[in-house]
Amino acid sequence: MRNQFKLLTLLVCLLIFGNITVYANGFNQDDQKIFDNADILSDSEEEELQKLVVSTAKELKVDIIIHTTDSTFGKTTERYSNEFYDDKGFGYEYKHGSGIMLVIDTDIENREVYIDTVGLANIYIDDDEIEKILDDIIGYVSSNQYYTLCKKFISVVKPCIIEGSKESNNKEWIDDWNNGVYDSDEKVEAFKEEHFDKKAFTYLKNPFICAIIALVVSGIIVAIMSTGRKTKCTVNSATYMDKSTFKLRVKADNFTHTTTKKTKINTESSGRGSRSSGGGSSHSSSRGVSHGGGGRKF
């Protein structure tokens with residue numbers, strides 16, 4: 001029982017402090033923002049892009065990341081991009097907060113340039129603007145001018161975000177969001193729920209709720225462990241059966257009939273996501289984070 005109590009205490013501490021740590025992250029100018037996994041940029045180009053990305057992100061208050069890869073491990077570029085963003089915990093305000101990421105995927109199965117938007121970036125930049133950005137940068141791929149492509153991406157994204165932040169349809173939401181008015185305005189709550197899926201974020205900031213969740217989960221685990229220690233029943237239906245009195249004398253395998261089922265294959269596309277008012281279309285990643293954006297093959 002003493003060991004079970006120690007385990008319970010450890011789980012409570014991990015769940016409480018784990019949640020506090022997870023949501024304390026945000027933009028840090030010293031964090032890596034250029035991930036050249038495909039090795040298509042020189043060291044000096046990476047350094048220059050890192051400086052440019054950090055300075056632009058600080059000005060726009062939107063996290064900016066550039067990632068190249070030559071393998072998505074069998075995933076689509078969109079899914080790979082979403083999971084990379086989520087797993088790295090990017091975001092300007094906090095983990096999974098506002099940000100935009102350029103992905104250059106040279107995997108032979110995909111070969112795609114993809115733009116991933118999260119949070120305010122998905123409000124600032126709608127689907128049409130995503131296509132225009134892709135129009136401006138896709139031509140550099142054929143000539144292997146990846147450094148120029150990345151610089152062009154930053155230069156065209158900047159005015160899109162600035163203009164998007166000034167649109168009258170979004171201004172009230174954006175101002176309240178940036179000023180930290182999370183709970184005082186009913187519209188802000190609706191905005192967060194629609195565009196950020198952050199209700200869970202608001203609740204999990206409360207340590208008392210985290211403690212309750214931790215206690216419930218830990219209690220279930222301890223109960224399961226205690227149940228597993230009990231002696232299992234060894235008596236079953238065959239315990240008192242005299243096997244010598246039961247013999248199968250005749251065995252036959254006769255064909256009777258077949259059954260055929262038909263299933264209609266739906267060939268209609270359901271689309272990639274719903275369009276948000278004032279911003280781009282969105283979808284939820286496998287990690288449950290709301291993402292927008294789009295890509296183009298090359």
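# A tour of the strands, helices and turns

Start by selecting Ile100 and Thr117: Ile100 stands opposite Thr117, which belongs to strand S4. Keep in mind as you click around that this is a predicted model.

**The S3–S4 hairpin**

Now widen the selection to both strands. S3 covers 99–105 and S4 covers 112–118. The two run antiparallel and are joined by seven bridges. They make a hairpin with six residues between the strands, and in that hairpin Arg111 takes a positive phi near 45°.

Zoom in on Arg111. Arg111 sits in the loop between S3 and S4, and is a residue other than glycine with a positive phi. As background, most residues other than glycine have a negative phi. Is Arg111 buried or partly exposed? Its relative accessibility is 32%, so Arg111 counts as partly exposed.

**Along S4**

Stay with S4 and show its side chains. How many of the seven residues of S4 are buried? Seven of the seven are, so this strand is mostly covered. Glu112, Tyr114, Asp116 and Val118 point one way, while Val113, Ile115 and Thr117 point the other way, and all of these are buried. Glu112 and Asp116 are worth a click here, since both are among the buried residues of S4.

**Over to S7 and its hairpin**

Next, add S7, residues 290–297. S4 pairs with S7 too, in the antiparallel sense and over seven bridges. To find the register, select Val113, which stands opposite Arg296 in S7.

From S7, step back to S6, residues 281–284. S6 and S7 run antiparallel, and two bridges join them. Ser284 and Ser290 make a handy pair to select, because Ser284 stands opposite Ser290 of S7. The hairpin of S6 and S7 has five residues between the strands, and in the turn Gly288 has a positive phi of about 85°.

**Ile137 and the helix H5**

Now go to Ile137, which lies in helix H5. At 0% relative accessibility, Ile137 counts as buried. Which residues does Ile137 touch, leaving aside its neighbours within four places in sequence? Show Leu102, Val113, Leu149, Lys152 and Phe153, with which Ile137 is in contact. Val113 is the residue you already met opposite Arg296. Draw a C-alpha to C-alpha line from Ile137 to Leu149: the two are 5.5 Å apart in space and 12 residues apart in sequence.

**H5 against H7**

Select all of H5 (residues 127–137) and H7 (residues 146–166). They pack at an angle of about 150°, with axes 9 Å apart. H5 and H7 are therefore roughly antiparallel to each other, and their crossing is right-handed. From H5, the contact is made by Ile133, Asp136 and Ile137; from H7, by Leu149, Lys152, Phe153, Val156, Val157 and Cys160. Colour that contact by class and you get seven nonpolar residues, two charged and no polar.

**H7 against H2**

Keep H7 on screen and add H2, residues 43–60. H2 and H7 pack at an angle of about 5°, and their axes are 11 Å apart. They are therefore roughly parallel to each other. On the H2 side, select Glu45, Glu48, Leu49, Leu52, Val53, Thr56, Glu59 and Leu60; these meet Tyr147, Cys150, Lys151, Ile154, Lys158, Ile161 and Ile162 of H7. By class, this contact divides into nine nonpolar, five charged and one polar.

**The end of H2**

Still in H2, pick Lys58. Lys58 is partly exposed, with a relative accessible area of 40%. Leaving aside neighbours within four places in sequence, Lys58 is in contact with Phe27, Gln29 and Tyr92. For another C-alpha to C-alpha line, try Lys58 to Asn28: 9.4 Å in space, 30 residues apart in sequence.

Then move to Lys61, in the loop between H2 and strand S2 (63–69). Lys61 is a residue other than glycine with a positive phi, near 60°. Lys61 is partly exposed, with a relative accessible area of 46%.

**Zoom out**

Finally, show the whole protein chain. The chain has 11 helices and seven strands. Of its 298 residues, 38% are buried. Among contacts between residues at least 6 apart in sequence, 66% join residues at least 24 apart.

Definitions and conventions
Residues are numbered from 1 along each chain as its sequence is written. This is a predicted model: local features need pLDDT of at least 70, side-chain atom pairs count only at pLDDT 80 or more; totals for chains, interfaces and linings use all residues. Side-chain values use heavy atoms; hydrogens and water are left out. Helices (H or I, at least four residues) and strands (E, at least two) are DSSP runs, numbered from the N terminus. Axes are lines fitted to C-alpha atoms, for helices over the stretch in contact, and angles run from 0 to 180 degrees between N-to-C directions. Angles under 35 degrees count as roughly parallel, over 145 as roughly antiparallel, 65 to 115 as roughly perpendicular and the rest as oblique. A crossing is left-handed if the near helix is turned anticlockwise from the far one by less than a right angle, and right-handed if clockwise. Contact means heavy atoms within 4.5 Å. Ala, Val, Leu, Ile, Met, Phe, Trp, Tyr, Cys and Pro count as nonpolar, Asp, Glu, Lys and Arg as charged, and the others, Gly among them, as polar. Buried means under 20% relative accessible area, exposed over 50%, partly exposed in between (1.4 Å probe, protein chains only).
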